Amino acid sequence: MLLITFKEMISNPIVILAIILAGCGVATTLLAKKITKTVRKTETISQDDKLLLGLKIAGLAAILLGFVCLFIWGAAGLK
């Protein structure tokens, strides 16, 4: 049967990894401007700052990797 319980799904290591990756990616993306301000020690940050863009890209890549893990887990039908 294809139906699994929520407890079975959430206890799978791949799903846990995907949730952690997505959470870290969201946090990195949301905190990128504050991190950049702290590192640069200035109040104004331009939108084309390389550190800001790098942090946002890294955060979005972590979110994407988390979703890819979930899709692989779902497509393979792993238990």
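Accessible areas are taken here from the Shrake-Rupley method with a 1.4 Å probe. On that basis the protein, which is a predicted model, exposes about 5900 Å², and carbon and sulfur atoms supply 74% of this area.

The secondary structure comes to three helices and zero strands, so that from the N terminus on the elements run α-α-α. The radius of gyration is 17 Å, well over the 12 Å that the globule rule gives for 79 residues, and the protein is therefore more spread out than a compact globule. Along its principal axes the C-alpha trace spans about 55 × 20 × 15 Å. Of the 79 residues, 23% count as buried, while among the contacts with a separation of 6 or more, 60% are accounted for by residues 24 or more positions apart.

The path through the chain can begin at Asn12, which is found in the loop between helix H1 (6-10) and helix H2 (13-40). With a relative accessible area of 8%, Asn12 falls under the 20% cut-off and is therefore buried. The side chain of Asn12 reaches the backbone nitrogen of Ile14 at 3.0 Å.

Further along, helix H2 holds both Thr36 and Ile35, and the two residues can be described in turn. Thr36 counts as buried, because its relative accessibility is 0%. If its neighbours within four places in sequence are left aside, Thr36 is in contact with Ile45, Asp49, Leu51, Leu52 and Leu55. Ile35, by contrast, has a relative accessible area of 35% and is partly exposed. Ile35 also belongs to a nonpolar surface patch of about 440 Å², which it makes together with Val26, Leu30, Leu31 and Val39.

The loop between H2 and helix H3 (50-76) contains Gln47. Gln47 is exposed, because its relative accessible area of 53% lies over the 50% cut-off. Even so, when residues up to four places away in sequence are not counted, Gln47 touches Lys33, Leu52, Leu53 and Lys56. For one of these partners, Lys33, the C-alpha atom is separated from that of Gln47 by 9.4 Å, the two residues being 14 residues apart along the chain. Leu52, which is among the residues touched by Gln47, is also one of the contacts of the buried Thr36.

Methods: Residues are numbered from 1 along each chain as its sequence is written. This is a predicted model: local features need pLDDT of at least 70, side-chain atom pairs count only at pLDDT 80 or more; totals for chains, interfaces and linings use all residues. Side-chain values use heavy atoms; hydrogens and water are left out. Helices (H or I, at least four residues) and strands (E, at least two) are DSSP runs, numbered from the N terminus. Buried means under 20% relative accessible area, exposed over 50%, partly exposed in between (1.4 Å probe, protein chains only). A polar contact is a pair of N or O atoms within 3.5 Å; within protein, one must be able to donate a hydrogen and the other to accept it, and residues adjacent in sequence count only if both atoms are side-chain atoms. Contact means heavy atoms within 4.5 Å. Patches are made of residues with over 30% relative accessible area and no salt bridge: like charges are joined within 9 Å, nonpolar side chains (Val, Leu, Ile, Met, Phe, Trp, Tyr) within 5 Å. A salt bridge is a side-chain nitrogen of Lys or Arg within 4 Å of a carboxyl oxygen of Asp or Glu. The radius of gyration is taken over C-alpha atoms; the globule rule is 2.2 Å times the number of residues to the power 0.38.
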